[in-house]
Amino acid sequence: DPAVLAAGSLQVCSRAYLFGTDAVGNDIFLQTAKAALVYLLPTMVVALITLVLGSLLGILAGYYERGFFVRLSTIVSNSISAYPPLVLLIFVAWTSVGNSLVVLALVFGLTEATRVGNSIVNKVKLLKEQDFIASARELGLADRRIIGKHILWYNCREILLIHMVFAA
């Protein structure tokens with residue numbers, strides 16, 4: 001059989017084994033995928049938390065400049081930014097909750113979300129004064145649509161993409 005090498009259990013790349021097999025007969029592609037999952041799961045959790053929480057706080061605080069959302073954003077941002085991520089990780093490990101990679105990813109996601117929120121707040125404050133937002137209001141578009149489509153999707157997605165890449 002040409003697929004079996006001299007070692008006996010080694011197989012070259014084929015449709016059944018994309019990367020081949022090792023000396024024991026394990027599929028190298030599956031081993032690589034399992035190892036990648038250990039890295040990718042926490043980074044995806046960090047990126048998801050960063051984008052969702054950061055953009056939500058940033059857009060609400062930037063669009064509604066007065067009131068509850070600004071105070072909430074300020075309190076959350078100041079309380080999370082007051083402690084470096086390493087101190088939060090030490091605290092989580094000390095309380096014996098930090099045995100999971102997901103919990104550590106939550107800590108990093110929360111600390112990075114404040115940076116995303118601050119970037120979004122500044123961008124939204126600039127965009128809110130533009131003529132196309134005033135035109136959208138005059139046309140009767142709901143704030144939800146203006147925020148979601150015209151501010152977040154068309155004008156803030158670059159910021160979110162950059163922060164997502166750096167969060168991961």
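How far apart are the mean positions of the 13 positive and 10 negative charges of the chain? In this predicted model, the two mean positions sit 8 Å from each other.

As for the overall build, the chain is helical, with 7 helices and 0 strands. Read from the N terminus, the order of elements is simply α-α-α-α-α-α-α. The radius of gyration comes out at 23 Å, whereas a compact globule of 168 residues would be near 15 Å. The C-alpha trace spans about 75 × 45 × 20 Å along its principal axes. Buried residues account for 30% of the 168 residues. The accessible surface of the chain adds up to about 10,900 Å², and carbon and sulfur atoms hold 67% of that area. Turning to contacts between residues at least 6 apart in sequence, 57% of them link residues at least 24 apart.

Now for the inside of the model. In soluble globular proteins, nonpolar side chains tend to be buried together. Here, the largest nonpolar core is made of 15 residues, and the ones with the most contacts inside it are Tyr 63, Ile 120, Val 124, Ile 146, Ile 151 and Cys 156. Two or more residues of this core come from each of helix H1 (28–63), helix H4 (101–128), helix H5 (131–138), helix H6 (143–155) and helix H7 (157–167). H4 supplies the largest share, with 4 residues. Ile 151 gives a good look at how this core is put together: setting aside neighbours within four places in sequence, Ile 151 is in contact with Tyr 63, Val 124, Leu 127, Ile 133, Ile 146 and Cys 156. There is also a second, separate core of 5 residues, among them Val 45, Val 46, Ile 49 and Ala 167.

Some of the residues of that second core turn up again around helix H4. Ala 105 is found in H4, and it counts as buried because its relative accessibility is 3%, where the cut-off is under 20%. Leaving out residues up to four places away in sequence, Ala 105 touches Pro 42, Val 45 and Val 46. Ala 105 and Ile 49 are 56 residues apart in sequence, yet their C-alpha atoms lie 8.8 Å from each other.

Glu 112 belongs to helix H4 as well. Is this glutamate buried or exposed? Glu 112 has a relative accessible area of 15%, so it falls in the buried class. Not counting neighbours within four places in sequence, its contacts are Thr 50, His 163 and Ala 167; Ala 167 is one of the residues of the second core.

Glu 138 is a handy counterpart, this time in helix H5. With a relative accessible area of 73%, Glu 138 is exposed, because the line for that class is drawn at over 50%. From Glu 138 to Val 45 the C-alpha separation is 39 Å, and the two residues are 93 apart along the chain.

Thr 32, in helix H1, lands in the middle class. Its relative accessible area is 40%, so Thr 32 is partly exposed. Between Thr 32 and Phe 19, 13 residues apart along the chain, the C-alpha atoms are separated by 9.3 Å.

Definitions and conventions
Residues numbered from 1 in each chain as written. Predicted model: local features only at pLDDT ≥ 70, side-chain atom pairs only at ≥ 80, totals over all residues. Heavy atoms only, no water. Rg over C-alpha atoms; globule rule 2.2 N^0.38 Å. Buried < 20%, exposed > 50% of the residue type's maximum accessible area, 1.4 Å probe, protein only. Contact = heavy atoms within 4.5 Å. Areas by Shrake-Rupley, 256 points an atom, 1.4 Å probe, with all protein chains shown as cover. Lys, Arg positive; Asp, Glu negative; His and termini not counted. Charge placed at Lys NZ, Arg CZ, Asp CG, Glu CD. Core = buried A, V, L, I, M, F, W, Y, C linked by side-chain atoms within 4.5 Å.
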